[in-house]
Amino acid sequence: MVQRERTILSGVGILGVLYSLRTNHRTEVRSMDQLIPSFAALVGPFRDCFHPQVFQTFQTLLAGWIVCVGPRTISEVWQATGLAAKRHHDTAYAVFHSAAWEWDDLGIILATLILTHLVPGGVVWVAIDDTLCHKRGAKVAFGGIFLDAVLSSKRHKTLRFGLNWVVMGIAVPVPMRPDRYFCLPVLWRLYRKKGQPGHKPRPQSAAELARRLAEANPDRTFWLVGDSAYINAVTLRNRPANLQVIGPLHWKAALYGLAEPPRQGQRGRRRKKGDRLPTPKAMIEDTVNYPAELLEMAFPKVTRELRIQVIRDVLWYRGSKTAPVAVVLVRDPLGQWRDEALVATDPTASAAFVILGYCRRWSVELAFYDSKQHLGLHDPRVWSEKSVERAHPMAWFVGSLTIVWYCLKGHEGSHVEKDRRWYKDKVTPTFTDMLGALRLQMWESKVYGESGEESPSPECIRMLLHTLSAVA
């Protein structure tokens with residue numbers, strides 16, 4: 001019952017069938033009844049972002065999005081809620097194309113929940129990147145031809161039609177998985193190509209998202225990590241005081257020393273930068289002027305000895321103007337890992353802090369994978385501007401809420417049991433384990449009631465079997 005098979009459910013959806021056939025049947029299905037109390041408590045803080053009636057429908061859509069086992073088109077999600085027989089699916093579409101609410105408002109509240117429960121103190125790591133959401137249709141708003149990084153390689157570039165999203169997530173440690181960080185997307189921007197209204201370069205959108213998050217939490221220190229596309233002047237300059245940046249530095253970057261103070265009686269404008277320094281490519285080969293040391297770095301799954309060179313109080317004038325930065329050059333003596341040149345906006349940051357911090361960037365790629373494979377990021381068949389901007393990010397919003405719920409309450413409840421004896425080395429819990437636990441506990445609540453002790457009727461079992469066996 002709980003395996004994620006590609007079965008297309010018919011009728012009023014599995015939640016509706018289970019609910020309507022319980023022995024303590026009610027005459028009307030309310031949205032709050034479709035969210036178990038532990039999950040509804042997380043959704044409650046978003047109430048003020050919606051009109052009351054829209055909020056009820058939004059909660060219902062969250063429940064449908066979680067339990068839907070087919071493609072997550074709006075119609076299929078609405079079927080999974082169990083309300084399709086009583087309320088037209090236009091109710092669901094209206095939430096996306098005409099209701100008054102904004103993802104940014106929900107994202108700031110979501111970030112507050114994450115910081116409060118999962119990162120109550122210390123540094124907050126933020127990962128940012130862009131991803132392609134596959135779409136079809138000439139009339140799809142903001143659609144275009146973009147590079148598909150997943151299908152591309154260094155030699156072969158694959159282009160596909162779709163939507164390009166810039167996504168920022170908070171990389172959090174999960175107590176049950178000390179070997180990795182989970183990235184929880186909280187804010188995003190839909191990229192508009194040149195010539196479209198509202199066009200902004202991707203780095204500018206990324207910088208706006210990071211500033212919005214940092215300014216909303218002025219008492220916390222944020223470290224933003226990204227790839228080379230987002231480590232530039234747009235991101236580094238005019239940052240809030242509580243936002244720092246780590247990322248790769250080009251091997252041919254122009255670096256300078258600090259400007260010397262003006263001499264007594266010196267005329268003219270004061271120098272902004274000192275003498276030109278070698279490029280990072282030359283520095284990593286020059287261990288005489290830039291001494292290297294061997295450091296044993298403990299990564300989550302392996303410990304490796306690396307050769308490290310740290311050059312502090314350097315000016316990367318093109319990126320950060322006169323604000324000094326630290327450059328960390330990394331080489332694997334065994335030659336198994338590629339060389340890395342990293343820049344950190346805090347010149348006092350240690351080499352281990354910079355290297356391990358940059359490794360958290362990969363968590364956003366895993367978040368993209370989970371949202372596409374398990375939460376239907378590509379699936380909504382919408383084309384208008386508001387619907388496109390609102391429907392697809394439901395995958396990220398549901399994914400982030402699922403992880404928060406699992407860390408707080410979900411790990412204490414029932415989990416999906418799969419007979420995969422050949423999969424002996426799996427490290428749990430994965431995101432699919434968390435999502436499966438949420439589905440299972442929601443279904444258990446509908447079958448056995450909130451007390452977990454009510455017995456389902458024979459009719460309930462019979463109809464459940466017929467619903468699971470339906471092909472279309």
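Me: Before we get going, what counts as a salt bridge here?
Reply: A salt bridge is a side-chain nitrogen of Lys or Arg that lies within 4 Å of a carboxyl oxygen of Asp or Glu. Please keep in mind that this is a predicted model.

Me: OK, so which residue does Glu208 form a salt bridge with?
Reply: Glu208 pairs with Lys200, and the closest N and O atoms of the two are 2.9 Å apart. Both partners are partly exposed, Glu208 with a relative accessible area of 26% and Lys200 with one of 32%.

Me: And how many salt bridges are there by that rule?
Reply: The count comes to 15 salt bridges.

Me: Which residues are joined into one network by sharing partners?
Reply: Asp104, Asp105, Arg189 and Arg212 are joined in that way, through salt bridges that share partners. Within this group, Arg212 meets Asp104 at 3.7 Å, taken from N to O, and the side chain of Arg212 also meets that of Asp105, at 4.0 Å from N to O.

Me: Where do Arg212 and Asp104 sit in the chain?
Reply: Arg212 belongs to helix α7, which covers residues 202-216, while Asp104 belongs to helix α6, residues 103-117; the two are 108 residues apart in sequence, so their salt bridge ties together separate parts of the chain. The pair of Asp105 and Arg212 likewise links helix α6 with helix α7, across 107 residues.

Me: Is Asp104 buried or exposed?
Reply: Asp104 is buried, because its relative accessible area of 16% falls under the 20% limit for that class. Its partner Arg212 is partly exposed at 33%, and Asp105 is partly exposed as well, with 37%.

Me: Switching to the whole protein, how many helices and strands are there?
Reply: The protein has 16 helices and twelve strands. Its radius of gyration is 25 Å, close to the 23 Å that the globule rule gives for 472 residues, so the protein is as compact as a globular protein of that length. The C-alpha trace spans about 90 × 50 × 45 Å along the principal axes.

Me: What share of the residues is buried?
Reply: Buried residues make up 51% of the 472 residues. As for the accessible surface, it comes to about 23200 Å², and carbon and sulfur atoms account for 51% of that area.

Me: Last one, how far apart are the mean positions of the positive and negative charges?
Reply: For the 62 positive and 44 negative charges of the protein, the mean positions are 7 Å apart.

Terms used. Residues numbered from 1 in each chain as written. Predicted model: local features only at pLDDT ≥ 70, side-chain atom pairs only at ≥ 80, totals over all residues. Heavy atoms only, no water. Helix = DSSP H or I, 4+ residues; strand = E, 2+ residues; numbered from the N terminus. Rg over C-alpha atoms; globule rule 2.2 N^0.38 Å. Buried < 20%, exposed > 50% of the residue type's maximum accessible area, 1.4 Å probe, protein only. Areas by Shrake-Rupley, 256 points an atom, 1.4 Å probe, with all protein chains shown as cover. Lys, Arg positive; Asp, Glu negative; His and termini not counted. Charge placed at Lys NZ, Arg CZ, Asp CG, Glu CD.
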